[in-house]
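Hi,

Here is the structure I said I would pass on. Have a look at it first, and then read my notes underneath.

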Amino acid sequence: MPFTLHLRSRLPSAIRSLILQKKPNIRNISSMAGELRPASLVVLPRSLAPAFERFCQANTGPLPLLGQSEPEKWMLPPQGAISETRMGHPQFWKYEFGACTGSLASLEQYSEQLKDMVAFFLGCSFSLEEALEKAGLPRRDPAGHSQAGAYKTTVPCVTHAGFCCPLVVTMRPIPKDKLEGLVRACCSLGGEQGQPVHIGDPELLGIKELSKPAYGDAMVCPPGEVPVFWPSPLTSLGAVSSCETPLAFASIPGCTVMTDLKDAKAPPGCLTPERIPEVHHISQDPLHYSIASVSASQKIRELESIIGIDPGNRGIGHLLCKDELLKASLSLSHARSVLITTGFPTHFNHEPPEETDGPPGAIALVAFLQALEKEVAIIVDQRAWNLHQKIVEDAVEQGVLKTQIPILTYQGGSVEAAQAFLCKDGDPQTPRFDHLVAIERAGRAADGNYYNARKMNIKHLVDPIDDLFLAAKKIPGISSTGVGDGGNELGMGKVKEAVRRHIRHGDVIACDVEADFAVIAGVSNWGGYALACALYILYSCAVHSQYLRKAVGPSRAPGDQAWTQALPSVIKEEKMLGILVQHKVRSGVSGIVGMEVDGLPFHNTHAKMIQKLVDVTTAQV
């Protein structure tokens, strides 16, 4: 929590020179490091001080507030808080009614106005150059003769009482193989300011051209390197402009005071597993990396291991790929709108032909996505629309789902039809969904047919929803996940060679349609439960949460009650199976209408699996 500086009444000579000096000795400190750390100044009328303080508190990543002066007491902190002999001398930009009207070497002519103004000290203590050195990378500008470029984004800061502005970031291109080392060095040295807010395509932040920074010198990202972005205190300049006060001042970029004031959120000497970041590549088009803590990542790997058991001895161990659950959940955490598909009509001689594996896992994921306030819809075969509509209605009535969700169908026809379905007005620049998930959904084989595990062709019961996954591959910004337990499910094309070699009838039944992430589980429902649990872990992870919100706005407490209530549970999944039994949906292996999935009794197998997943998810580290 920032504190108010209570200062003496007399101006020492160093401070008088800081504010009133006619011939200042300006020092650019963008590449300086040492015991003293830089702080930038914002000077506002006394009446706006409380609002600006709260604005900074709501956006601590770019605006770490170290302290503030009192009106009529234009002095920096008392002895021990700042070195009067090693101060830098800032220049100022002058703002009038929101417009920058000039730069000043001295505020001497405004000495009367300053009596009713407050100076805010914003920390600039994170030294990227120091982090680069620690990660074994060259400094950008060893001599410190230039100011690194800073870019305005389209990410809004949390507004407060007239203060509103976009986040401003700095950027540095980093070799791919050095990303994780650099991010860890930055977090170790800079705490919240040191953690990047984005790694990847600048356009995901609304930055159109790196050659046109808002402040400083343009940066170039060479081939083979990845742009990495950090929050910048220059965000404050937009805030000063937004309040449109008659008079305000701010340090110009690169010119600050040197202080030993410390941020209350300064990092410890060494990071704990809850703060050590891991970096993961989650999308190539657009290029996007995400981060999560080591402890969160390890928990999700444990979930992946738990669901990877093979109760049916099908040979699914040969299909497992490391970290698919982690990457899928990271990608889902960044999604705004998710489309989920399920339905495997394996019982083609019965009505309905669906099985009990798939819908419960899909509904469990829907429930958690609703708790995260994401848009979510389900898409199913047209012949099964009424069944799934009733299942969802019953799930809402019994408290498994919070609210009704759209149930969609897709009849296919062409590549253009798939693109028109996925995108607003068919424009690939504006997708309606940014993540597709298939949970125990019949997948198209290489010969164009659809097969159950017994090699029976069920194509006449399956709509071509696979086309949406194929079209998504060509639309930037849409990722996909497939969850399966036998290799014939939609999305399992990613592991089709292993399916052909190791799964019974795999040479015929293997799905040929690939998802970006293939989550393998002993029972596909378990994969849906695990995705919901993994999202809970990520949203409870301070490192990932800060990355998601771009270091602006408040963080939600780990274990948020709404999230905890939305997790899968034995009671909720028992209700879901009861709903399916009511609608005469059969078990996938035994074919009976009863409380089982894939021939495995609910209470002996599935209930224990659900409880184990939730116990691991909610366990305190």
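Below is what I found, going from the whole chain to one sheet and then to a pair of helices.

Before anything else, keep in mind that this is a predicted model. The protein has 621 residues, and 59% of them count as buried. You will find 19 helices and 22 strands in it. The contacts reach a long way along the sequence: taking those between residues at least 6 apart, 78% join residues at least 24 apart.

Now the sheet. It is an open one of 6 strands, paired antiparallel, and the order reads β7-β8-β10-β9-β14-β13. The edges are held by β7 (150-156) and β13 (277-284); each has a single partner strand, so one side of each has no neighbour in the sheet. From one strand to the next, the twist averages 35°.

I spent some time on β8, so here is that part strand by strand. On one side, β8 is joined to β7 by 4 bridges, with the two running antiparallel. If you want a place to start looking there, K152 is opposite V168 in β8. The pairing of β8 (residues 166-175) with β10 (residues 225-231) is antiparallel too, and it runs over 7 bridges. Here R172 sits opposite V228 in β10, and P173 faces P227 in β10. As for how covered this strand is, 7 of the 10 residues of β8 are buried, so "mostly covered" is a fair description.

At the β13 edge there is a helix to look at as well. Helix α8 (residues 324-334) lies across β13 and β14 (287-293), and its direction is at about 75° to β13.

Last, the helix pair. How do α10 and α18 cross? The axes of α10 (residues 385-397) and α18 (residues 570-582) come within 10 Å, at a crossing angle of roughly 140°. The label "roughly antiparallel" is kept for angles over 145 degrees, and the two helices are therefore oblique to each other. The crossing of α10 past α18 is right-handed. Which residues meet there? From α10 they are I391, D394 and A395, and from α18 they are M576, I579, L580 and Q582. Sorted by type, the residues of this contact come out as 5 nonpolar, 1 polar and 1 charged.

That is what I have for now. Tell me which part you would like to go through together.

Cheers

Terms used
Residues are numbered from 1 along each chain as its sequence is written. This is a predicted model: local features need pLDDT of at least 70, side-chain atom pairs count only at pLDDT 80 or more; totals for chains, interfaces and linings use all residues. Side-chain values use heavy atoms; hydrogens and water are left out. Axes are lines fitted to C-alpha atoms, for helices over the stretch in contact, and angles run from 0 to 180 degrees between N-to-C directions. Angles under 35 degrees count as roughly parallel, over 145 as roughly antiparallel, 65 to 115 as roughly perpendicular and the rest as oblique. A crossing is left-handed if the near helix is turned anticlockwise from the far one by less than a right angle, and right-handed if clockwise. Contact means heavy atoms within 4.5 Å. Ala, Val, Leu, Ile, Met, Phe, Trp, Tyr, Cys and Pro count as nonpolar, Asp, Glu, Lys and Arg as charged, and the others, Gly among them, as polar. Two strands pair if DSSP finds at least two bridges between them. Buried means under 20% relative accessible area, exposed over 50%, partly exposed in between (1.4 Å probe, protein chains only).
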